[in-house]
Amino acid sequence: MPIEKIHGCIGCENCVNACPTDVIRMDPGSGQAYIAYQDECQICHLCRLSCPVDAITLTPDKFVKPTVSWG
Amino acid sequence: MSEDDSNTKNSSGGVTRRDILKLGAITAATLAVPTVLKNLGATSMSGTQRERYDTDILIIGTGFAGIFAAVEARKNGQSVVMLDKGSVGWSGLSPWASDSRPFDPSIYSREEWHHNIATNTEWVNDRKWLDIFMDESLGIFDILEDWGIHDCKPFERSKVFRQLLLDDDVTLVERTMVTSFIKDEDGKVAGAVGFTYDDSQDSSKAVVVTAKAVIMCTGAGAYKSPGFPNWGQTFDGDAMAYEAGAFITGKEYHDTHPTLSDAPAASYEGWVWAQSVVGAYIMVGAPDPVYGGLNLDMALGVAQGKINRDPGVGPGGEEAPTAGAGPHPEVVRNQKYRGKGFLVTPGLELDFGGFPEAAAKQEFGFRVGGATAGMGVHKSEGVFNSDYTCKADGVDGLYAAGDALGSMMCGSSYPARGFSSYGSAIQGRLAAKYASEYAASISSLHINPSEIDSKISAMWAPRENKEGFSPDWLTKTLQNTMTPFHILYIKEERRLEGALSSIEYLRRNLVPNMIARDGHELRLAHEAANMLLNAEMKLRAGLFRTESRGTHFREEYPARNDKDWLCWVLMQKGADGAMQLSKHMLPEEWWPDQSVPYRQRYPRQYPGEDEYLASRS
């Protein structure tokens with residue numbers, strides 16, 4: 001897994017703007033960031049580096065969905 | 001009816017063999033483009049809200065090129081709207097800018113830089129662009145110093161850049177994917193359309209910007225390859241410019257960053273590795289004529305010995321330094337800029353964190369090639385301009401800068417670290433100078449409303465398609481076709497033709513049938529289409545250049561051919577829609593001295609090169 005969890009978000013949206021691949025979105029209900037499209041994470045760490053409260057955890061491994069013939 | 005027919009009828013539930021044959025033909029035709037996946041989010045986009053902007057200059061991309069372009073355009077009194085797929089300072093490769101190499105004429109020799117870079121990039125670099133770089137790079141250093149960028153903590157530059165632009169009354173439209181240029185009634189580029197992909201709170205909106213001039217600062221691209229932070233870059237600018245009639249160049253060459261075998265997707269780990277190199281800030285010394293840079297053996301990673309860097313003799317006949325013998329004398333010549341730069345500043349300690357387990361392991365395995373699969377050479381691929389105004393050859397109203405401009409400043413391989421962000425800044429400023437002059441000459445725009453409607457309609461198509469193919473699947477198929485070394489780096493005619501056939505099929509039959517269930521997938525769909533167009537360009541350029549040079553290696557032509565190929569390869573969309581390729585020959589005064597022995601002109605050696613040359617002599 002690349003971006004693994006966001007814990008303790010204060011809702012500043014820095015990570016949403018820093019992510020180059022639209023992995024993170026804001027939840028309008030909670031006002032906190034959540035992982036919306038984990039597949040697209042490129043493990044670049046810009047979200048983590050932009051987070052003022054160190055709320056984001058990443059791992060170096062990436063899961064890739066298998067390819068099928070038609071899809 | 002024969003017994004056979006009867007049996008067939010029975011075993012087929014009442015259908016004759018003839019019927020089966022007939023059915024087979026129909027099924028084959030139907031299956032030519034089988035659409036299997038249903039678009040669970042299919043919806044009509046015809047009533048979607050449009051957000052409209054009118055401006056003098058539209059700048060697409062807010063990295064180094066775009067920021068410098070915007071500041072220059074505002075200085076010239078032009079109104080500016082900036083669109084970006086991400087946000088200021090965070091998108092593209094700009095957040096990763098780590099090195100710069102300002103040319104200080106009081107220390108360096110201009111002739112030496114010219115000679116070394118021409119040798120390293122194998123004589124197809126644009127020397128006038130290099131002169132412009134040498135003229136202006138020190139000024140860029142001073143501007144960044146003035147803006148306080150050198151005093152920023154790592155990754156905090158974006159705040160400074162954003163405030164700078166807002167203070168300058170630049171309109172920022174971010175997190176917006178641009179899909180097409182708008183043309184006026186004379187066929188000149190006069191704006192762009194795009195959409196907001198973040199539909200988690202509000203539905204996606206169409207964004208329409210009309211402008212007297214457009215500057216593309218859209219960066220480069222890759223096939224979403226692992227281990228390099230370039231997934232946001234998918235050749236969007238190239239693709240739009242090509243469709244608008246611009247010439248594109250530099251596609252046969254490669255960036256060759258490696259990644260790590262045990263965690264190949266972990267971009268950040270690769271960059272920690274890069275940033276740990278001493279001197280990952282202001283580079284010192286002239287680029288080396290043979291060593292350093294991103295050559296083909298970097299792509300191969302562990303395949304040392306396959307493509308040699310001849311350690312014997314340098315291009316001028318001098319002894320080249322041997323590996324491990326300490327820094328090249330050039331590297332220690334200048335201490336003037338030590339301690340200044342993007343990542344390391346006096347009094348600021350680097351603290352990147354990272355993976356604790358990585359620190360414990362010390363490494364993530366071997367270095368392997370392909371971290372930037374699909375990416376070209378910084379400053380050497382993209383929109384072609386022949387008169388140093390940054391204007392796109394082939395279409396009016398369009399300008400390009402940075403990695404979106406195929407300036408060929410770095411020729412056939414990236415010669416050394418430190419050219420990219422400063423080169424982007426210089427070109428952004430220059431593009432804005434000429435775009436401002438052009439915009440000032442236009443009194444009013446005449447755009448047919450149907451032009452905007454048709455571009456928007458095409459943009460929404462994957463959201464409206466009810467069944468088809470997912471952009472994720474197309475991207476994976478593209479990666480599997482293009483990324484292997486025997487297609488991308490070690491080229492041969494039949495293999496390239498095979499890959500081209502597959503890519504053409506995907507472009508013709510599947511791209512029009514892509515589906516997107518939300519704004520995020522719509523972005524992915526357009527990105528996949530742009531990457532596939534680039535793949536066709538890359539394969540065609542690779543087939544066209546029947547020699548080897550720099551990072552372009554053809555197995556059956558494993559040597560340079562100065563007589564025929566001291567040129568740039570240009571691509572343009574023909575009137576019939578097919579890709580047209582042509583040569584743009586380099587001025588003869590830039591050619592290497594043909595009386596200099598071949599191995600001194602070209603110190604790097606391809607596999608099979610000596611035998612090939614011997615067989616032809």
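Here is a short chat about how chains A and B meet in this predicted model, and about one helix pair inside chain B.

Visitor: How many residues of chain B are in contact with chain A?
Guide: Contact here means heavy atoms within 4.5 Å. On the chain A side, 36 residues qualify, and on the chain B side the number is 41.

Visitor: Which three residues supply more of the area that chain A buries against chain B than any other three?
Guide: Chain A and chain B bury about 3,200 Å² between them, with 60% of it on carbon and sulfur atoms. Of the area that chain A buries, 19% comes from a trio: Gln42(A), Pro60(A) and Gly71(A).

Visitor: What does Lys65(A) meet in a salt bridge?
Guide: The rule finds four salt bridges across the interface of chain A and chain B, plus 16 residue pairs in polar contact. In one salt bridge, N to O is 3.8 Å, and the side chain that Lys65(A) meets is that of Asp472(B).

Visitor: Which element gives the largest share of the side of chain A that touches chain B?
Guide: Helix 1 (14–18), strand 2 (24–26) and helix 2 (46–50) of chain A each supply at least two residues of that side. The largest share is four residues, and it comes from helix 2 of chain A.

Visitor: Now inside chain B: at what angle do the axes of helix 3 and helix 11 cross?
Guide: Residues 64–75 of chain B form helix 3 and residues 420–440 form helix 11. Phe68(B) and Ala69(B) are among the helix 3 residues in the contact, with Gly428(B) and Arg429(B) among those of helix 11. The crossing is right-handed. The axes come within 7 Å, and the angle is roughly 35°.

Technical notes: Residues numbered from 1 in each chain as written. Chains lettered and ligands numbered in written order. Predicted model: local features only at pLDDT ≥ 70, side-chain atom pairs only at ≥ 80, totals over all residues. Heavy atoms only, no water. Axes fitted to C-alpha atoms, helices over the stretch in contact; angles between N-to-C directions. Left-handed = near helix turned anticlockwise from the far one by under 90°. Buried area = accessible area lost by both parts, 1.4 Å probe. Polar contact = N/O pair within 3.5 Å; in protein donor to acceptor, adjacent residues only side chain to side chain.
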